[in-house]
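Open the model in a viewer and keep the sequence panel in view. The stops below each say what to select and what is there.

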Amino acid sequence: MRLLRSTDLALRVLMRLAVAGGSTPTTREVAEDMDVPYTHAAKVVADLTHRGLLTARRGRGGGLSLTEQGRTASVGALVRAYEGDGDVVDCEGATPCPLHTGCRLRGALRRAQEAFFAALDPVTVADVVSDPTGPLLLGLPTASRTPSADPPGERRP
Ligand code: SF4
């Protein structure tokens, strides 16, 4: 099962912010760290903010920070939310599979999908930034910058 790019990016943004400590990186800094276009990062940041998993403050000294809800968020719940719970195979699309009315494979795939999510349910964002991931995150290009290091006139977040 391959995750959507937006799912993976949402998790990476949360992981980056989970090691931010007292700093409040901008969306542009997070995009740079994750090596993704700013527009993709901004879309994900807006969605995560809407879900209450991070806060975004504008203006000088502002930036992004993880909420407690974001720190303790279940990776499984996030993946479900982004991926949806549709079948992993399209049995009844524009050209329905001739077996769709009585297929054992379909049930097996559904159970496998549930097992995939269930394995991720007890894992939190905080869990996935423990060693060795945390030090790697702190080594990303902008991770050691402080808000005061922003160029004059930089708009946050
Ligand atoms: S073989 Fe089964 S799982 Fe595959 S498309 Fe057909 S109905 Fe769906």
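Start with Leu-53. This is a predicted model, and in it Leu-53 has a relative accessible area of 6%, so the residue counts as buried, the cut-off being under 20%. Leu-53 sits in the loop between α3 and β1 (54–57).

Now show what surrounds Leu-53. Neighbours within four places in sequence aside, the residues in contact with Leu-53 are Leu-14, Leu-48, Leu-66, Thr-67, Gln-69, Gly-70, Ala-73 and Leu-78. For a distance to display, pick the C-alpha atoms of Leu-53 and Thr-72: they are separated by 9.2 Å, with the two positions 19 residues apart along the chain.

**Gln-69**

One of the contacts of Leu-53 is Gln-69, so select that residue next. Gln-69 belongs to helix α4, residues 68–71. Is Gln-69 buried or partly exposed? Its relative accessibility is 48%, and Gln-69 therefore counts as partly exposed. Apart from neighbours within four places in sequence, Gln-69 is in contact with Arg-51, Gly-52 and Leu-53.

Then zoom out until Thr-95 is also in view. Gln-69 and Thr-95 are 26 residues apart in sequence, and their C-alpha atoms are 42 Å apart in space.

**The whole chain**

Stay zoomed out and switch to a cartoon view. The protein has seven helices and two strands. Read from the N terminus, the order of elements is α-α-α-β-β-α-α-α-α. The C-alpha trace spans about 65 × 35 × 25 Å along its principal axes.

Colour by burial next. Of the 157 residues in the protein, 36% are buried. A surface view shows an accessible surface of about 9,000 Å², and carbon and sulfur atoms account for 56% of that. If charged residues are coloured, there are 19 positive and 18 negative charges, and the mean positions of the two sets are 4 Å apart.

Contacts can be drawn as lines. Among those between residues at least 6 apart in sequence, 75% join residues at least 24 apart.

**The largest nonpolar core**

In soluble globular proteins, nonpolar side chains tend to be buried together. The largest nonpolar core here has 30 residues, and those that touch the most other members are Val-13, Leu-14, Leu-17, Leu-48, Leu-54, Leu-78 and Val-125. Two or more residues of this core come from each of α1 (5–18), α2 (27–34), α3 (38–50), β2 (63–66) and α5 (75–83). Helix α1 gives the most, with eight residues.

Select Val-125 from that group. Leaving out neighbours within four places in sequence, Val-125 is in contact with Leu-14, Met-15, Ala-18, Leu-66, Gly-70, Arg-71, Ala-73, Val-75 and Leu-78.

**Met-15**

Move from Val-125 to Met-15, which is placed in helix α1. Met-15 has a relative accessible area of 18%, and because the cut-off is under 20%, the residue counts as buried. Which residues does Met-15 touch, not counting those up to four places away in sequence? They are Val-125, Val-128, Val-129, Thr-133 and Leu-137. Met-15 and Val-129 are 114 residues apart in sequence, while the distance from C-alpha to C-alpha is 6.2 Å.

**Two backbone details**

Go to Pro-132, in the loop between α6 (104–120) and α7 (133–138). The peptide bond joining Asp-131 and Pro-132 is cis, with omega about 5°.

Then find Asp-35, in the loop between α2 and α3. Its phi is near 55°, a positive value in a residue other than glycine. Asp-35 is exposed, with a relative accessible area of 69%.

**Gln-113 and the cysteines**

Select Gln-113 in helix α6. At a relative accessible area of 4%, Gln-113 is buried. Its contacts, leaving aside neighbours within four places in sequence, are Asp-85, Gly-86, Asp-87 and Val-88.

Finish with Cys-91 and Cys-103. Cys-91 counts as buried at 11% relative accessibility, whereas Cys-103 counts as partly exposed at 27%. With a disulfide taken as a pair of cysteine sulfur atoms within 2.5 Å, the count of disulfides comes to zero.

Technical notes. Residues numbered from 1 in each chain as written. Predicted model: local features only at pLDDT ≥ 70, side-chain atom pairs only at ≥ 80, totals over all residues. Heavy atoms only, no water. Helix = DSSP H or I, 4+ residues; strand = E, 2+ residues; numbered from the N terminus. Buried < 20%, exposed > 50% of the residue type's maximum accessible area, 1.4 Å probe, protein only. Contact = heavy atoms within 4.5 Å. Areas by Shrake-Rupley, 256 points an atom, 1.4 Å probe, with all protein chains shown as cover. Lys, Arg positive; Asp, Glu negative; His and termini not counted. Charge placed at Lys NZ, Arg CZ, Asp CG, Glu CD. Core = buried A, V, L, I, M, F, W, Y, C linked by side-chain atoms within 4.5 Å.
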